[in-house]
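User: I'm new to this structure and would like a close look at just one part of it. Please pick a spot, walk me through it, and show me how it ties in with its surroundings.

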Amino acid sequence: MRDINFRCWDTGINFMYYDPECYNLYNEVDNGLHSGYEDKYGTWHQNVLMQYTGLTDKQGVEIYEGDILVIELDWGYGLAKIYSEVYFNNGMFKSKAINSHEDVSLMEMPYLEVIGNIYENPELLETK
């Protein structure tokens with residue numbers, strides 16, 4: 001059985017919390033999860049919860065939803081690098097190539113590396 005871990009991006013202070021600190025940002029309100037807060041100026045800040053996929057990259061770094069990966073593929077005439085974003089859809093974690101609609105299961109890609117995430121490194125989402 002895989003580990004169930006989370007991390008949480010706090011949009012108010014632009015900070016990433018990792019398990020177990022992210023649980024303090026979610027509390028039960030009206031039979032649901034309260035996933036944000038209002039600051040002293042009345043501005044609402046959404047907290048974004050991301051789940052650990054249960055996989056690690058080639059360096060042993062845990063892969064979470066929202067991570068940006070570089071995937072190395074050998075097509076017989078040299079290595080190709082594909083940059084992609086991790087997301088959850090239809091009961092599985094997938095990776096979608098940046099600026100493409102192509103996606104595949106993460107289980108199909110053994111040679112990948114986490115290079116950032118969509119919140120702390122949005123510049124990586126630009127065309128490579």
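Analyst: Let's start with a single pair: W9 has M16 in β2 as its bridge partner. Keep in mind that this is a predicted model. W9 sits in strand β1, which covers residues 6-10, and β1 is the part I'd like to stay with.

First, a bit of setting. The protein chain has 128 residues, and 36% of them count as buried. The secondary structure comes to twelve strands and zero helices. Among contacts in the chain with a separation of 6 or more, 46% link residues 24 or more positions apart.

Now for β1 itself. Is this strand mostly covered or mostly exposed? Mostly covered: five of its five residues are buried. That goes for both faces, with F6, C8 and D10 buried on one side and R7 and W9 buried on the other.

Who are the neighbours? One is β2 (residues 15-18), which pairs with β1 in the antiparallel sense over four bridges. That's where the W9 and M16 pair belongs. The two strands make a hairpin with four residues between them, and in this hairpin N14 takes a positive phi near 50°. Another partner is β6 (residues 44-56), joined to β1 by five bridges and also running antiparallel. Here you can look at D10, which stands opposite N47 in β6.

Let's stay with D10 for a moment, at one end of the strand's 6-10 stretch. What does a buried charged side chain do here? D10 has no salt bridge, and the nearest side chain of opposite charge, R7, is 14 Å away. The side chain of D10 does reach the backbone nitrogen of G12, though, at 2.8 Å.

R7 is another story. As background, side chains of opposite charge can pair when their charged atoms come close. R7 forms a salt bridge with D67, with the closest N and O atoms 2.7 Å apart. R7 lies in β1 and D67 in β8, so the pair ties together parts that are 60 residues apart in sequence. Both R7 and D67 are buried. By the rule used here, the count for this model comes to one salt bridge.

R7 also leads us to G66, which touches R7, M50, V86, N117 and I118, leaving aside residues up to four places away in sequence. G66 lies in the loop between β7 (62-64) and β8. Is G66 buried or exposed? Buried, because its relative accessible area is 6%, and the cut-off for buried is under 20%. From G66 to V86 is 20 residues along the chain, yet their C-alpha atoms are separated by 5.2 Å.

Follow that trail outward from β1 and you come to the strands after G66. β8 pairs with β9 (residues 79-89) in the antiparallel sense over seven bridges, and one place to see it is I68, which stands opposite E85 in β9. Next, β9 is joined by six bridges to β10 (residues 92-97), again antiparallel. V86 turns up here too, standing opposite S95 in β10.

V86 is also part of something bigger. In soluble globular proteins, nonpolar side chains tend to be buried together. The largest nonpolar core here has nine residues: I63, L69, I71, V86, F93, L106, M109, L112 and V114. The elements giving two or more residues to this core are β8 (67-74) and β12 (112-117). From that list, take V114: apart from residues up to four places away in sequence, V114 touches D57, V61, E62, I63, D67, I68 and L69. Notice D67 in that set, because D67 is the residue in β8 that R7 ties to β1.

So the route to trace on screen goes from R7 in β1 to D67 in β8, and then from D67 to V114, a member of the core.

Definitions and conventions
Residues numbered from 1 in each chain as written. Predicted model: local features only at pLDDT ≥ 70, side-chain atom pairs only at ≥ 80, totals over all residues. Heavy atoms only, no water. Core = buried A, V, L, I, M, F, W, Y, C linked by side-chain atoms within 4.5 Å. Buried < 20%, exposed > 50% of the residue type's maximum accessible area, 1.4 Å probe, protein only. Contact = heavy atoms within 4.5 Å. Pairing = 2+ DSSP bridges. Lys, Arg positive; Asp, Glu negative; His and termini not counted. Salt bridge = Lys/Arg side-chain N within 4 Å of Asp/Glu carboxyl O. Polar contact = N/O pair within 3.5 Å; in protein donor to acceptor, adjacent residues only side chain to side chain.
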